[in-house]
Amino acid sequence: MNQFFEDLGRRWADVASKRGSAIEPPELDSSIALELLELARVAAHTQERRFAPLASFMAGVAAERLRVASGASAGDLADYIREVRQELEREPPV
């Protein structure tokens, strides 16, 4: 996606290696990144601002579980995140 996220992916892999686990550096697909940013925006404006990063983390965990369970593509995962975000947007703010 960009150099920051490529470096961050390598950092996750390096630290995992120090902990005795070999992982592929995670990559951030641009369509998924856009949906995560939109989800963070909705969480910050409809719930509490500090919930935005946690909502994004949960989306990442859920998306990875869907990918493992179904073999979903990056586009499918972006759609998955979008669907949940749109549900949140339809709810009245707390």
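**Close-ups of a four-helix chain**

**View 1. Charges across the whole chain.** Count up the charged side chains and you get 12 positive and 16 negative ones, with the centres of the two sets 7 Å apart. Keep in mind that this is a predicted model. The chain has 4 helices and 0 strands, so no surprise about the label here: by the definition used for helices and strands, the pattern along the sequence reads α-α-α-α. The C-alpha trace spans about 45 × 30 × 25 Å along its principal axes. Its accessible surface comes to about 6,900 Å², and carbon and sulfur atoms own 57% of that.

**View 2. The largest nonpolar core.** Nine residues are the ones to look for here: Ile32, Leu36, Leu39, Ala59, Ala63, Ala72, Leu77, Ala78 and Ile81 make up the largest nonpolar core. Helices H2, H3 (51-70) and H4 (74-90) each chip in at least two residues of this core. As a rule, nonpolar side chains in soluble globular proteins tend to be buried together. Across the chain's 94 residues, 23% count as buried. Among contacts with a separation of 6 or more, 45% come from residues 24 or more positions apart.

**View 3. Ala72 and its contacts.** Zoom in on Ala72, one of the residues of the largest nonpolar core. Which residues is Ala72 in contact with, once neighbours within four places in sequence are left aside? They are Leu66, Arg67 and Leu77. Of these, Leu77 is also listed in the core.

**View 4. Glu35, a charged residue tucked inside.** Glu35 sits in helix H2, which covers residues 30-46. Is Glu35 buried or exposed? Its relative accessible area is just 4%, and the cut-off for buried is under 20%, so Glu35 counts as buried. Skipping residues up to four places away in sequence, Glu35 touches Ala78, Ile81, Arg82 and Arg85. Two of those names, Ala78 and Ile81, also turn up in the largest nonpolar core.

**View 5. The Phe4 and Phe5 pair.** The chain has 1 aromatic pair. Phe4 and Phe5 form it, edge-to-face, at 4.9 Å centre to centre with 80 degrees between the planes. How do the two rank for exposure? Phe4 has 52% relative accessibility, and because the cut-off for exposed is over 50%, Phe4 counts as exposed. Phe5, at 31% relative accessibility, counts as partly exposed.

Methods
Residues are numbered from 1 along each chain as its sequence is written. This is a predicted model: local features need pLDDT of at least 70, side-chain atom pairs count only at pLDDT 80 or more; totals for chains, interfaces and linings use all residues. Side-chain values use heavy atoms; hydrogens and water are left out. Buried means under 20% relative accessible area, exposed over 50%, partly exposed in between (1.4 Å probe, protein chains only). Contact means heavy atoms within 4.5 Å. A nonpolar core is a set of buried Ala, Val, Leu, Ile, Met, Phe, Trp, Tyr and Cys residues joined through side-chain atoms within 4.5 Å. Accessible areas come from the Shrake-Rupley method with a 1.4 Å probe; for residues, only the protein chains shown count as cover. Lys and Arg count as positive and Asp and Glu as negative; His and the chain ends are not counted. The place of a charge is taken as NZ of Lys, CZ of Arg, CG of Asp or CD of Glu. Rings of Phe, Tyr and Trp (its six-membered ring) pair if their centres lie within 6.5 Å; planes under 30 degrees apart count as stacked, over 60 as edge-to-face and the rest as tilted.
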